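Trainee: Please show me how to read the features of this model, one at a time, with the general idea before each case.

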Amino acid sequence: MISNPNLICYACIAKNTTILAQFSKESDLEDLAQQCIEKAPPYHSMFSQTVRERTYTFLLDDPFVYFAIFSQDLDQSEGIWFLNRLKSGFQESLKGGSMKGFDNFSSLCFQAEFDVVVREVMALNLKSDLDLVDSPPVVSNGSRNPSLDSSKGKKLILTPLLGKPIKGLKKKKRLSGESNGDFGKDLSMENKLDVCEDMSRDFSMSTQKNVTLHIGDRQKAKQVWRKHVWVVLLLDLFVCAILFGIWLWVCRGFKCIDS
């Protein structure tokens, strides 16, 4: 279960490099996520990396990729639980036939089903908070004034992750520095490039390390084999020398040959 849904910045399901459905709190994360999916590490079932206070997590089930960007404050186990829940919901939709006819998956073809799955996940966390919202299905016929935080005396603000904002809630201001104009955009592009470069460098280093280990194991096996061959040859030579010495002792030299 996710302790704080606001720590989820982005999530998507993709087949190879085609994004079937996605959720994003910031529009500039969509391009970054596409670049990350294109560089998804092969031969992994799960991969996670934290760069610039954000954690990029892959859950791979070839040919499908479940990817999310979390705040580094989110516990890793909660992020993995969230991706596994997206995976199970997607597989249930495939088995249930709601995705029937999608032999060739197109971009965002799973968006409707994806929204339902994410809402179900978030409902587990927002259930207690929805009692504070001015909504007939949840709030009783009593007072409809927004609840106050007893410790600080401030109005509680809830931000839904998907769909239209819930009535009575105020949208949370973005922390991405929209007021900085072109400077903020340039900084965002620079951050995306740095993240992709860091992830690409880690992937290439991981692959190179695996190849180096494989070559090292082969060379070590060859050395052990050569050592065993030399040991066998030396033992054979030693046994032959002993037998030759015994033969010389019995025949007292080469008298057997002379006679």
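Mentor: Asp-61 is a useful place to start, since at 28% relative accessibility this residue counts as partly exposed, a class lying between buried (under 20% relative accessible area) and exposed (over 50%), judged with a 1.4 Å probe and protein chains only. Please keep in mind that the model is predicted, so that local features need pLDDT of at least 70 and side-chain atom pairs count only at pLDDT 80 or more, while totals for chains, interfaces and linings use all residues. Residues are numbered from 1 along each chain as its sequence is written, and side-chain values use heavy atoms, leaving out hydrogens and water.

Trainee: Which residue forms a salt bridge with Asp-61?

Mentor: A salt bridge needs a side-chain nitrogen of Lys or Arg within 4 Å of a carboxyl oxygen of Asp or Glu, and for Asp-61 the partner is Lys-87, with the closest N and O atoms 3.8 Å apart. The two belong to distant parts of the chain, 26 residues apart, with Asp-61 in strand E4 and Lys-87 in helix H2 (residues 76–96). Helices (H or I, at least four residues) and strands (E, at least two) are DSSP runs numbered from the N terminus.

Trainee: How many salt bridges does this rule give?

Mentor: The count comes to 3, and among them is the pair Glu-26 and Arg-54, whose side chains meet at 3.1 Å, N to O. This pair also links distant parts of the chain, 28 residues apart, from the loop between E2 and helix H1 (29–38) to strand E4. Glu-26 is buried at 17% relative accessibility, whereas Arg-54 is partly exposed at 22%.

Trainee: Is Thr-57 buried or exposed?

Mentor: Thr-57, in strand E4 (residues 54–61), is buried, with a relative accessible area of 5%. Contact means heavy atoms within 4.5 Å, and beyond four places in sequence Thr-57 touches residues including Phe-47, Tyr-66, Phe-70 and Leu-83. Its side chain also makes a polar contact of 3.3 Å with that of Ser-48; such a contact pairs N or O atoms within 3.5 Å, one able to donate a hydrogen and the other to accept it within protein, and residues adjacent in sequence count only if both atoms are side-chain atoms.

Trainee: How many disulfides are found in the whole structure?

Mentor: A disulfide is a covalent bond between the sulfur atoms of two cysteines, recognised here as a pair of cysteine sulfur atoms within 2.5 Å, and the search finds 0. Cys-9 is buried at 10% relative accessibility, and Cys-109 is buried at 13%.
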